[in-house]
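User: I would like to go through this model step by step, with each answer reasoned out before the value or name is given.

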Amino acid sequence: MSAEKFDAVDIIGIKRDRGVLSPEQIDWTIDAYTRGAIADEQMAALNMAILLNGMTRSEISRWTAAMIASGERMDFSSLGKPTTDKHSTGGVGDKITLPLAPLVAVFGVAVPQLSGRGLGHTGGTLDKLEAIPGWRADLSNEDLMKQLADVGAVICAAGAGLVPADKKLYALRDVTGTVEAIPLIASSIMSKKIAEGTGSLILDVKVGSGAFMKDEENARELAETMVALGKDAGVNTVALLTNMATPLGLTAGNAIEVQESVDVLAGGGPEDVVELTVRLAEEMLAAAGLPDADPAAALKDGRAMDVWKRMISAQGGDPDAALPQARESETIYAPADGVLLELDALSVGVAAWRLGAGRARKEDAVQAGAGVRMHAKPGAQVRAGQPLMTLLTDTPEKFERAKEALENAVVIGPEGSRPAQKLIIDRIS
Ligand code: URA
């Protein structure tokens with residue numbers, strides 16, 4: 001007879017039959033899977049039952065708590081300043097963390113931004129920053145605390161001790177078609193943010209072709225679930241629903257996104273990147289108790305750039321070094337005159353990924369210079385033959401597949417057609 005408290009097959013059966021798991025069953029499931037007593041194929045079946053049949057709010061809350069309990073919890077209380085963090089559910093051209101973390105730190109709020117590498121068509125913040133010569137993503141907990149005390153902002157890799165259950169579960173979901181389950185996404189994201197120990201959290205929940213959540217209804221449900229989980233855990237949590245039908249800014253890649261972020265920190269950069277950076281900074285500062293701070297001014301007058309340079313240098317990077325450039329490029333031209341109505345985020349993300357900016361497997365290397373540079377955004381007037389995008393890679397054999405991904409990415413309509421979509425769709429608190 002097994003010494004285990006429950007049987008994995010019974011647990012799977014409960015969710016398959018639309019039942020509700022007890023707190024003890026949930027605690028056991030996460031613990032048993034983390035230590036290897038539930039097999040991958042059993043957890044995969046349970047994940048699929050959760051994707052198809054859902055979970056109650058109290059099941060999600062307990063599932064999240066059990067995931068947090070699988071590892072260490074960080075504690076920033078010794079810093080003596082408020083902490084705040086931002087999490088984006090991921091999108092194409094989403095480089096916002098890069099200008100945002102130093103911008104918020106300007107106001108004396110600590111920003112511990114534990115980030116990940118990209119998998120699939122959405123880029124990873126760490127992959128982008130690794131384009132900067134010398135920059136290191138891995139910090140010890142002591143270095144992280146020291147940098148938060150000295151500089152105020154850190155963007156680094158989450159240590160292996162933080163929510164080990166999620167590392168195993170996420171890798172399994174990734175290969176079993178179960179990433180999209182709202183209870184599993186919400187618990188995965190919030191367990192890491194709560195374990196990280198931030199005092200407040202702003203969630204940027206993306207909606208559209210380039211996001212996990214393709215429609216607003218699902219994005220709203222995900223945002224509401226995460227906000228409730230954060231509040232239950234004592235983390236002041238707010239979510240924005242933002243548009244990911246088209247890429248953010250004019251770049252999707254690694255080094256080119258770092259350059260665009262530096263442009264924003266220098267007081268320039270694309271309008272949408274500036275708008276979202278400033279809005280998220282305002283939300284983070286208000287959540288941390290500074291509702292009157294003026295982040296737009298700190299972008300314009302160079303204070304955010306100063307913190308950026310110190311943040312990059314503290315992690316071994318040279319903020320003034322030239323960024324790597326792709327060896328080869330190819331241009332895509334507008335096929336007709338008119339208004340650019342659509343520039344599809346998913347297509348651009350897949351093209352950047354195929355050019356070498358992203359990875360298909362965890363162990364793959366990314367090309368720092370690869371990606372897609374866009375020359376127009378939806379709403380812009382274009383002329384036939386005008387460059388619309390430049391594809392960048394070190395490996396020109398990748399151009400063909402990247403161009404295939406972009407075949408239906410662009411829609412050009414007659415003059416006076418539909419205006420560009422709204423960037424910030426809603427706020428959920
Ligand atoms: N990001 C995460 O950390 N987890 C998910 O499940 C999805 C996105």
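Analyst: A residue counts as buried when its relative accessible area is under 20%, as exposed when that area is over 50%, and as partly exposed in between. The model discussed here is a predicted one.

User: Is Val163 buried or exposed, and what is its relative accessible area?
Analyst: Val163 is found in the loop between β3 (153-157) and α8 (164-174). Buried residues are those under 20% relative accessible area, and Val163 falls into that class because its relative accessible area is 0%.

User: What is the phi value of Val163 near?
Analyst: Most residues other than glycine have a negative phi. Val163 is a residue other than glycine with a positive phi, and the value is near 45 degrees.

User: Which loop residue has a phi near 65 degrees, and where does that residue lie?
Analyst: The residue with this positive phi, near 65 degrees, is again one other than glycine. It is exposed, with a relative accessible area of 65%. Its place is the loop between α1 (8-16) and α2 (23-34), and the residue is Arg18.

User: How many helices and strands does the protein have, and what is its radius of gyration?
Analyst: The protein contains 16 helices and 13 strands. For 429 residues the globule rule gives 22 Å, and the protein comes close to that figure, so it is as compact as a globular protein of that length, with a radius of gyration of 22 Å.

User: What are the spans of the C-alpha trace along the principal axes, and what percentage of the residues is buried?
Analyst: Along the principal axes, the C-alpha trace of the protein spans about 70 × 45 × 40 Å. Of the 429 residues in the protein, the buried ones make up 52%.

User: How many salt bridges are counted, and how far apart are the closest N and O atoms of Asp17 and Arg16?
Analyst: A salt bridge requires a side-chain nitrogen of Lys or Arg within 4 Å of a carboxyl oxygen of Asp or Glu, and by this rule the count comes to 26. Asp17 counts as exposed because its relative accessibility is 53%, and Arg16 is exposed as well, with a relative accessible area of 52%. These two residues form a salt bridge in which the closest N and O atoms are separated by 3.0 Å.

User: How many residues apart in sequence are the parts that the pair of Asp94 and Lys206 ties together?
Analyst: The side chains of Asp94 and Lys206 meet in a salt bridge at 3.9 Å, N to O. Asp94 lies in the loop between β1 (84-88) and α5 (97-105), whereas Lys206 belongs to strand β4, so the pair ties together parts whose separation in sequence is 112 residues.

User: Are Asp94 and Lys206 buried or exposed?
Analyst: The cut-off for a buried residue is under 20% relative accessible area. In this salt bridge of 3.9 Å, both Asp94 and Lys206 are buried.

User: Which residue forms a salt bridge with Lys309?
Analyst: Lys309 sits in helix α14, and its partner, 11 residues away, is in the loop between α14 (303-314) and β7 (328-333). Lys309 is partly exposed, with a relative accessible area of 32%, whereas the partner is exposed at 58%. The side chains meet at 3.2 Å, N to O, and the partner is Asp320.

User: Which residues gather with Asp215 in a patch of negative charge on the surface?
Analyst: Asp215 lies in the loop between β4 (200-207) and α10 (216-232), and it counts as partly exposed because its relative accessibility is 33%. Its companions in the patch are Glu217, Glu221 and Glu224.

User: What distance separates the C-alpha atoms of Leu222 and Glu397?
Analyst: Leu222 has its place in helix α10 and counts as buried, with a relative accessibility of 0%. Leu222 and Glu397 are 175 residues apart along the chain, and the distance between their C-alpha atoms is 39 Å.

User: How far apart in space are Ala351 and Pro133, C-alpha to C-alpha?
Analyst: Ala351 is found in helix α15 and is buried, with a relative accessible area of 0%. In sequence Ala351 and Pro133 are 218 residues apart, while in space, C-alpha to C-alpha, the separation is 25 Å.

Technical notes: Residues are numbered from 1 along each chain as its sequence is written. This is a predicted model: local features need pLDDT of at least 70, side-chain atom pairs count only at pLDDT 80 or more; totals for chains, interfaces and linings use all residues. Side-chain values use heavy atoms; hydrogens and water are left out. Patches are made of residues with over 30% relative accessible area and no salt bridge: like charges are joined within 9 Å, nonpolar side chains (Val, Leu, Ile, Met, Phe, Trp, Tyr) within 5 Å. Accessible areas come from the Shrake-Rupley method with a 1.4 Å probe; for residues, only the protein chains shown count as cover. Lys and Arg count as positive and Asp and Glu as negative; His and the chain ends are not counted. The place of a charge is taken as NZ of Lys, CZ of Arg, CG of Asp or CD of Glu. Helices (H or I, at least four residues) and strands (E, at least two) are DSSP runs, numbered from the N terminus. Buried means under 20% relative accessible area, exposed over 50%, partly exposed in between (1.4 Å probe, protein chains only). The radius of gyration is taken over C-alpha atoms; the globule rule is 2.2 Å times the number of residues to the power 0.38.
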